[in-house]
Amino acid sequence: MPSTRDWINNPLGVVEGMFAASQSDPNSGWEAKAVEFFKDHLKEKDAPTSVPSLNDVPLHYLKPNSLVKFRCLIQDMFDPEFYMGVYETVDPATKAKVLRCGKYKDVTECGVDFNSRNTVTAERQTFYCVPIPGENPWVKESYAGSSQARVVPSTSYAPTRQKRSYEEDDEMDDMDTQPQKQREPHPGPQSPTEQHGNGDCKRQETEAPSSQTASTSHLDLNFPLPGEKGPSCLVKVYENWDNFKLNDTLEVYGILSVSPALSALADEKDASSSIMDPTESMETAEEQRVHCPPASLVPRLHMLHARPVSHNNPLLPSATLEDNSAFLSSTLSEMASVRAELLTYFTHILLGDALAAEYLILHLISNVYSRRDVLPLGKFTLNLSGCPTASYTERLYQIIQQLVPSSYYLGMSLQNMNQMRLVPKKDYVANRLASGVLQLARHTSLFLDEIQLEQGQLDTTGVRNVTALGNLITWQKVDYDFNYHQMEFPCNINVLIVSEGRSLLPSDCQIHLQSQVTPANMEEYLSSIHMHTQTSSQLNKFRIYLSVARLLDYNISDEMTKSVEDDFVDMRKDDPQSVSAEDLHRMLVVARLLSLSLGQTSLSRDSWLRAKHIDMLRRSRMEQHKCVNGNEP
Amino acid sequence: MDTELSATVVVFTFFPRSYLLRTANKCKRFLQEFYSEDENGKKVFKYGAQLVALAHREKVSVYVELDDVAEEDPELVESICENAKRYTGLFADAVHELLPEYKEKDVRLFAQLILYVLMMEQRGRDPLYFKPPSTTKPKVVRDVRADSIGNLVTVRGIVTRATEVKPMMAVATYTCDQCGAETYQPIQSPSFMPLIMCPSQECVTNKSGGRLYLQTRGSKFVKFQEIRIQEHSDQVPVGNIPRSMSIYARGENTRLAQPGDHVAITGVFLPLLRTGFKQAVQGLLSETYMEAHSITLMNKTEDDELGNEDLTEEELRSITEEGFYEKLAGSIAPEIYGHEDVKKALLLLLVGGVEQAPKGMKIRGNINICLMGDPGVAKSQLLSYIDRLAPRSQYTTGRGSSGVGLTAAVMRDPMTGEMTLEGGALVLADQGICCIDEFDKMADADRTAIHEVMEQQTISIAKAGIMTSLNARCSILAAANPAYGRYNPRKSIEQNIQLPAALLSRFDLLWLIQDKPDADADLRLAQHITYVHQHCRQPPTHFTPIDMKLMRRFLAVCKKRQPVVPEALADYITAAYVEMRKEARVSKDTTFTSARTLLSILRLSTALARLRMMESVEKEDVNEAMRLMEMSKDSLQADKSSTTRAQRPADVIFSLVRELSTEGVAGRGGAGGVVRMAEAEQRCVSRGFTPAQFQEALEEYEELNVWQVNQGRSRITFV
């Protein structure tokens, strides 16, 4: 059925057809119509799944100029580009002039009349997008499995190779080796020196000796997390780019452009630096590399439509929950039972501590639902103290990794803290935002392992990193370093700190693990935890449960508000030192999360009392441990 | 204008010939005829003078102020702004044509200059720059869009990169290998095609085929520099990356800015045209740059002042309406609940009192405030809010700063070996506010360094051969924790704060922020918090907080006022002060009431008058100042109500004696519970009790059998 698939295989043809049809009528608004056309097609049942995804199909299997989708995070925003929205071509043989549309493509046919008066300059915006950082393997597999797009090696792959003939010969080798290199996992934290040994870089250095720093980061795709894989993409946005923000997660539907001419442009510029032309050397070689990387490495994607990703859990329908009431009601009815199962599971993992298990559930479904001025509401950073050994925390992370869509494990060892780049920093030489670990999508679980921390000296970077983590926890924001000033970027990251004693970082809530297992049996117990893997259907249930609970709406009725207020005043009357405003804040958050975890969308008297009760239990437990550890004020 | 940007490139719009001629004449006429009148009513031909200077090679460029053009022909200004590149050329042509007329004397030529001047006359325009009309608002980089191409725009930003200044060829000079004739080629674009064949009469007629060779020494080069600017952080919408823009600066505009400078740049926004192969592969893209006409440096404070055009009537009305004082105070750190009086005090700190300098004596106008309080009562948030709000401020913590870091350090320059002074936080905060957090954690030696600043408002340095005094006219806002972590109402204020009285008296106001239980306040607090959780937003208050920028501008306007204390009020204030002194003596005030208190009241009242934008202090101002003073004292004597009865002299004497006895244990060891009578009496008298009171207390407590006095009445023994 060639006609129905045309909009996937040859979207440019569709756009051009519409453009040509609109020429008779200048006010037809064909641009809006074209976008509408693709939107409509994507609304069809399983239409989205039939579009191949850049996330799971290797780039060389995809047809150039076809419609693809990409699930990604906006890592950087470049300056806007001016391009010819409409241009005129002259046929050398017949001298016939044809108006053409310059949208959604990078490369033009030959014979463009640059001095034509019909040229229309338009503006578009470029975003540098990377796959969602920390996306867990089960999510990737599940998405890949559900895709119905036929991924056969496309026939256009060979022609692409031929076209490369207008690059230099050795450049071709370079291009071929790069995709593999990119797939090599970066060991350890990203450091530029590690890539020094790369033979490719050496070659680059001999070519451009003046730009040593440029060559080292040539292959740096700027992923926020070390060891990430996958393609990054330059997404060209044609409309409403003001609606997109940095660190937004999107599913972009767009036209893939991998024309090698794009990278030729960059290389050609390097070679021809002339003294006669001072403007030419203005853009540093490094900037060129970043903004015009080889298309085989960083493909261009011309956005037709983008859908904000509210969650990246493949088990949930991608539409918002309100639109999918059937799914919602079926899961809501099951929530209480799933919660009970999950509680048992967590209790088992947390060495038989049911209270800690309860708090862990609350933590995993927490979400910054609103901000009042600078104060984020709904954050719930949990500090799990009293964890036995390092191997235990790693296992705990593996289990959490199995349950949440994206997560990252950050061992807070001195080395890591002193060397890692946590906060993104603007690199003015390359004119881009060099990413850092804390540039994460919302709802990412950040697992901080403080057990890795040993005695020693934190240097300047280390202190800055610890401060950044503290800011993240307290304000849910990261101050990106723009060298001359800092800029606040709000975020929404669930931070879980595991530590021996009270953590040196602030937290909303600390709970000391009370092991029901005797130290003698600890080893045995620990090894059995790992064996106790859940069946996949059970795991899927948990995964759905956690994601749904986080997305639910919640409200407090007026009479509940009244009774909470009275409660607070009463508590203060009895013992003013016992509850402060912060405690009330926290208890309201606990009550909220508790209700949501039970699938209730409004606060009930019971939930409030229960929230008060578990908070009291936790605090009484903290009292016992006050004397044990030295971190108390 | 957001998405559909279909602006055509207007730079190269072609004018009809007649129109062109008319416009060229207009330009010429303007340059010739524009004049302004000086104070004697004499006509001053501004541009005529510039042209003369140019003709004599005393200047190298012409500046055309569009404000002047607007006086003659407002429409012309509009067209200039829309098509600046074209008009630069037109004006330059006009200048070129007019120059010979303005040459009043023969310029004496130096040998080196001959070639240059010859060349200039041969070809080449002098650079001509436009100064934008003063009515244009600087744009944000992100608002310079495709529709601004070709326009004269002004943008503001921070310089992130500036290249080396390079020579760029403006006129290429060639010599012929056959006839030796020189040929000039003016160059306007970044790249050019060199001439090959000699066009001279001789070569052409002889058909000798003379080849041209480029002479670098004879060519004219202009300075060229590329600058990259980036938006200010406050111009970036939340969640966006700052945009940047390339600026090409030529000639006199080069070397004006360095990375990190804040600049305002006026220039023409132009597309960068590529040629040849590059154009083909680049295809649909065109890069853009801005051709700089003027670059102005500004520092951060001036930059703020730029926004300080007089407040509009409407804004002024919105601020000065009923209850503006409460409203302004409430707009300080609106996210922090309560503490109205503290916020009022902070508001006065921001405005500052009037500085007085009668007969060489200087009395500071800046208000110093110290906030004390239990941990977690948002002291630091208040500080950081003030730091953000104040146009000029420094934030530091007591832990992280030494006395040297606060005042000034003498450094030896590693290159030249000269001594240099480097200002510390207090010097940098001159005319602003210095916020010092964790004031109590500061080492005593460092703390004394700021005594001078707080009263004299200067820092004197006498070390390593440098003797000088630097201005540090700043208000100090300090935050401190009580000595024992929490405020202990059972201890005296000195014990709680552990700051020397010399320092405390220098603070105009001393606030204790305490977390006190109070059912009413608790309920309001609970309502506030639950509302936020319920509705995800700030509860509706009777006012909306004033925007920070507006507030800054309003405060700047207030600061211009210099209110005076009218004669009639002087008596009132003195009387009030005397009353306060008397009261302090009677109630055994824990704080210090001194002459400094009187000055504080004056400062606060003038600040209040400033806030009302009045030229004189009124009685209400004084009353409010005294009320704030009183409230701050009240906050210190926190639990007066909870300590049920006022202490009788006898009780105080008893506690004094007991203190003495415990001191004895610590000091002499073993003499526990025994106090020498003379010593005890001396101590009590020094605290302002009469010997009679002492005797009375002695007997009273002896009767209670708390202590015993020996026969000789020389020793008191505790039972």
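## Exercises on strands and sheets

In this predicted model, B:Val171 stands opposite B:Pro186 of strand S7(B). Let's work outward from that pair.

**Exercise 1.** Find how strand S6 and strand S7 of chain B pair, and what lies between them.

*Solution.* Start with the ranges: S6(B) covers residues 166–176 and S7(B) covers residues 182–186. Next, look at the pairing, which is antiparallel and spans five bridges. Then follow the chain from one strand to the other: five residues separate them, and the two strands form a hairpin. Finally, check the turn, where B:Gly180 has a positive phi of about 80°.

**Exercise 2.** Now move to chain A: in what order do the strands of the five-stranded open sheet stand, and which of them are at the edges?

*Solution.* Read across the sheet to get the order S11-S14-S17-S10-S18, with parallel pairing. S11 (407–411) and S18 (509–512) of chain A each have a single partner strand, so one side of each lacks a neighbour in the sheet. On average, neighbouring strands here are turned by 20° against each other, direction ignored.

To zoom in on one pair, take S10(A), residues 382–385, which runs parallel to S18(A) and is joined to S18(A) by four bridges. One bridge partnership links A:Leu382 with A:Cys509 in S18(A).

**Exercise 3.** Work out which strands of this sheet helix H13 and helix H14 of chain A meet.

*Solution.* Take H13(A) to begin with: residues 354–364 pack on the sheet and touch S10, S14, S17 and S18 of chain A, with the helix direction at about 150° to that of S17(A). Then turn to H14(A), residues 390–403, which lies across S10, S11, S14 and S17 of chain A and runs at about 165° to S11(A).

Definitions and conventions:
Residues numbered from 1 in each chain as written. Chains lettered and ligands numbered in written order. Predicted model: local features only at pLDDT ≥ 70, side-chain atom pairs only at ≥ 80, totals over all residues. Heavy atoms only, no water. Pairing = 2+ DSSP bridges. Axes fitted to C-alpha atoms, helices over the stretch in contact; angles between N-to-C directions. Contact = heavy atoms within 4.5 Å.
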